[in-house]
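Visitor: Could you take me on a close look at the aromatic rings in this structure? I would like to see which ones pair up and where they sit.

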Amino acid sequence: MKFRIGYRTLKTALGTAISIIIAQYLGLENYVSAGILTILCIQVTKKRSLQASWHRFQACIIAMAFSAVFFEGIAYHPLVIGLLLLFFIPTVVMFKAKEGVVTSSVIIMHIYSAEKVTAALLLNELGIITIGIGVALIMNLYMPSVDNKLKEYQRGIEAHFKKIFSEIVLYLKNQDSSWDGRELTETARLIEQAKGLAIQDVENNFLRDENLYYQYFRIREKQFEIIERVLPSITSIPRHVEQANIVAEFVESLSRGIHPGNTVLIYLEKLMRMKTEFENMELPKTREEFEARAALLHFVNEMEQFLLLKRSFKGLKTGEDKSEAAVTN
């Protein structure tokens, strides 16, 4: 079994130790709680970490206020803790800080154990909260780049698109139906994983709501939906017709264009010329020929939508020179 320690685990371990050391050095009571706060606030992305920290900070402040009112106003008794929580939890939920319920409950127990609310106690708890959350935010300032992984997903998806198109070409030319369709399942999985990673990358950059990679994978997802939609009709053509070879040549050309650096307009022009050529051909003479040509025309129209999806895309930046290149079709 492969044993691996991730960067988040390292940050959590180091941050927890630092929080406890600082809180202990400052002579705070219950200093270990600062470490617990750090563990809870270190999240997968900067955005989630900031949200978790803010929610826990809110909840802890509310908990201190409620503790002072209920314990000092009624009594230091276990039943009062239950009564306090009956009002405290809905309040925290109302402030959309429910993530902080467990953490703030620890603060409530600290105050209950002290059996007296004083300025020193509240400052002590505030110190624990500030250190625990502050260290977590500092540790989460570093997030490793996922660009290489995103590019890997991009290459994988493009390779699968090429394979799918090559199988379509084989069927159109030779009616070869030996393909097992494995790439379809694999492509769907890659797109879903790639989108998740792209969203994670967005959440690590506060100054943008979306990035080009996420747009790219969303477009690929829509294109893949088109491929899945047309495959049944294209692979059930009742007989081979002349137009099938023309479409096959176009799809073959299209598959070669699935890489950075080309322009979608080239393929749209080819497609328009092909549609015009079809219109000028003789009408079908048999029902089978009519059905075959109708299926091919439907496929061509779907390929037009496939290409139009990419036309408005700004493009991805390529490796070393960072020059912008449109990822075509």
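Guide: Here is a walk through the aromatic pairs, with a stop at one charge over a ring. The model is predicted, so to speak of local features we need pLDDT of at least 70, and side-chain atom pairs count only at pLDDT 80 or more, while totals for chains, interfaces and linings use all residues. Residues are numbered from 1 along each chain as its sequence is written, and side-chain values use heavy atoms, leaving out hydrogens and water.

Searching the whole structure gives 12 aromatic pairs; rings of Phe, Tyr and Trp (its six-membered ring) pair if their centres lie within 6.5 Å, and planes under 30 degrees apart count as stacked, over 60 as edge-to-face and the rest as tilted. One of them is the tilted pair of Phe-71 and Tyr-112, at 5.6 Å centre to centre with 55° between the planes. Because Phe-71 belongs to helix α3 (residues 46-73) and Tyr-112 to helix α5 (residues 101-114), this pair ties together parts 41 residues apart in sequence; helices here are DSSP runs (H or I, at least four residues), numbered from the N terminus. Phe-71 is buried at a relative accessible area of 2%, where buried means under 20% (1.4 Å probe, protein chains only).

Next come Phe-165 and Phe-306, an edge-to-face pair with centres 5.6 Å apart and 70° between the planes. Phe-165 in helix α7 (residues 147-174) and Phe-306 in helix α12 (residues 287-311) are 141 residues apart, so the pair links distant parts of the chain. Phe-165 is buried at 0% relative accessibility, and Phe-306 is also buried, at 0%.

Finally, Phe-66, Phe-70, Phe-87 and Phe-88 make up one aromatic cluster.

Methods. Helices (H or I, at least four residues) and strands (E, at least two) are DSSP runs, numbered from the N terminus. Buried means under 20% relative accessible area, exposed over 50%, partly exposed in between (1.4 Å probe, protein chains only).
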